[in-house]
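Colleague: I have some questions about how the labels on this model are earned. Can you take me through them?

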Amino acid sequence: MHVSDERMRAFVSDRLEPTQRREILSHLLGGCSDCQKAARRYWAAPGSADDAAAASEAASHFEPGLDDSAWNRILARATDHQHRLDAERAAATQQWVELERHPQPRRLLIARNQRRYQTWGLGEELLRLSWENRFDDPARMLEQAEIALAVAESLDDAIYGSATWDLRARALAHVGNAQRVSSDFRAAEKTFRAARKALDQGTGDPLELATILNFEATLRVRQRRFDDALKLAEREIALCRRWGQLHRLGEAYHSRGVVHALRGDDGQAIRDFERCLDYLDPERDPRIVLTSRHNLISLLHEEGRLAEALGRLRETRPMYHQLGDRLNLLRLRQLEGEIALAQGETKLAEECLLEARNGMIAADLAWDSAEISLRLAEMYLSQGRNRETREVAEQIMPIFQSRDLHTEAIAALLLFREAVFSETLTAHMVRQTISFLRQLRTRPPA
Amino acid sequence: MPPPQASQNQGSLGQSGEGLHSLVSRFRKQAERVSLRYRIPREDAEDLVQQSLLAFLQKQSAIDCPDAWLIGAFRRECLMFLRRRQRRLYDAIDTTLLEACSDPAPADPERDQLLRDVESAIDATPPRCRSILRLRYRLGFATEEIAEELGYRTTSVRKIASRCLAALTRKVTGLSSLAQGACRARF
């Protein structure tokens, strides 16, 4: 007596009584070749040695192709799903307005318990908003990513399929990134591990993996683990290239460029920023395009390629103004000042650098304001303007002391100030202080 | 840095039903080739195509190359499906044997015959598997207990036990004789 296909299916689906299961297993162990063959259909995975052995017999059981009616059903369901997603996305902005009124614990409670908020569209929108806050409001960035995670964790698999785990992985990656932005590296590390685990449960989408790799690479940069960061960026590049994700490929080159720049490999960093600009889509994310261009111009200037830096600056200037971002405009002024200084236009350089420095102080950006102050000091020193050099030295300390920043940075600036007042300051000493501050800036907090 | 999978291009396919239709018709040929290669049964192939398409619609705004992404997603769905199916066969054999060895009934000739047959199948597995499989199906040891008994770490014994169960499944399904040594368990 053979085991029918239906019974074999019931056996592997755990739908039989123990005695019935025993009968089937005994029958298989008894060596019935027909029934063993039927069981083997549940066995071989493509590419395995088992598969090679079982391939021909399995092929004989395969019914090829889906017919037109199956494809029509698929298309009809896909169209319905598209309409659902369109509606969710249209409602998401308003849903966030509603959620925003509540304190964070209540927002999380609502997201976890109110069905109407448990949509893919809202999860996606919250991640978009969180990402937008990455420069201006790290606390809000984290809050929005956490609500997105709560939404993703509550999504119904029956509606969204196994991709719900992908959104969960993406939300975890954004939470981890927000933790990294807030310098909570240990928590970020743990969250990225959870993100990878969630992705394993989902569809394994390489683009989601690329997002995690990108954020992890940034964490490694902040931890000054540059070799690890480079490996992650390279994996991300390979994934984006393989899947034809051109904008994402640009972002991956941007990440690698940052790593090379921080390692001091300016030549490679310049090549990466040039390459990333070939791929980035300004429509999709103009801010990263501007950041890449800015980094490229700075590096060209630092490498002494002034003509190229100036050319690029001319092309980019309208973009700084279009984006209307105060921080970017201040960075533009700083760059203009430094290039003017390199060209010997000291009056223009002074004007630009002072404006940039004062703006940075007003924006509470201690590191940037310190660096610009040191540039100004270097310039005044070369012009023998001791009074102005002393003024710079006096203005620089309170910024750092009031922010309770790195004690090593404060010590370096104290040495700088002493050298100014004892009139022993040299241009070399100023440049060394700038380079030391740059290193400290990317060092993880103790 | 990657942007979130923003909805800025939302509905680029869905809003113009045309886009979705043409994408699906291009995808159809490739999907059929993939399901043929992986020998996915027709009713399962429909589900897997559907899953891939839903995931695509959810993520479409961040996908630059829809054709490549969609067929890649379908291929992964097929592989996961095959792994799940294979796992189900392992689980069916494992559950049946555990129930048989823990059955409190004093004498049951059929059960005793099954356990004897299993014993011979275990004898034909690689030497390292025999002790693990005997501890599990004769004495009903849990993974942690096997690890303790044989001096393995729990994490590694899980992997080894899974490979041993695969070796036993090959015997049960007659695949080991079919493959003639092509499919030895790797340790």
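Modeller: Start with confidence: pLDDT is the predictor's confidence in each residue, from 0 to 100. This is a predicted model. Chain B averages a pLDDT of 81, and 84% of its residues score at least 70. The model scores ipTM 0.78 and pTM 0.79.

Colleague: Which helices of chain B mark the lowest and the highest confidence?

Modeller: Helix 8 of chain B is lowest, with a mean of 62. Helix 2 of chain B is highest, at 93.

Colleague: Where does pLDDT stay under 50 in chain B?

Modeller: Over residues 1-17 of chain B, for which the model has 48 contacts beyond four places in sequence. Residues 180-187 of chain B are also below 50, with 17 contacts beyond near neighbours in sequence. Where pLDDT is low, the predicted coordinates should not be read in detail.

Colleague: What makes up the secondary structure of chain B?

Modeller: Chain B has 8 helices and 0 strands. Along the sequence the pattern reads α-α-α-α-α-α-α-α.

Colleague: How is the span of helix 7 of chain B judged against the one expected at 1.5 Å a residue?

Modeller: The expected span is 1.5 Å times one less than the number of residues. Helix 7 of chain B has 19 residues, so 27 Å is expected. From first C-alpha to last, helix 7 of chain B reaches 26 Å, close to that value. After helix 7 of chain B comes Gly174(B), with a positive phi near 75°.

Colleague: Why are residues such as Val157(B) and Ala161(B) called buried?

Modeller: The cut-off is 20 or more other C-beta atoms within 10 Å of a residue's own. Val157(B) and Ala161(B) are buried, so each meets that count. The buried residues of helix 7 of chain B also include Cys164(B), Leu165(B), Arg170(B), Lys171(B) and Val172(B). Across the 187 residues of chain B, 41% count as buried.

Colleague: How many residues does each chain bring to the contact between chains A and B?

Modeller: Chain B gives 69 residues and chain A gives 76. On the chain B side, helices 1, 2, 3, 4, 7 and 8 each supply at least two residues. Helix 3 of chain B provides the largest share, 17 residues.

Colleague: What is the chemical make-up of the side of chain B that touches chain A?

Modeller: It divides into 35 nonpolar, 19 polar and 15 charged residues. Glycine is counted among the polar ones.

Notes. Residues numbered from 1 in each chain as written. Chains lettered and ligands numbered in written order. Predicted model: local features only at pLDDT ≥ 70, side-chain atom pairs only at ≥ 80, totals over all residues. Contact = placed C-beta atoms within 7 Å. Helix = DSSP H or I, 4+ residues; strand = E, 2+ residues; numbered from the N terminus. Buried ≥ 20, exposed ≤ 12 C-beta atoms within 10 Å, placed from the backbone.
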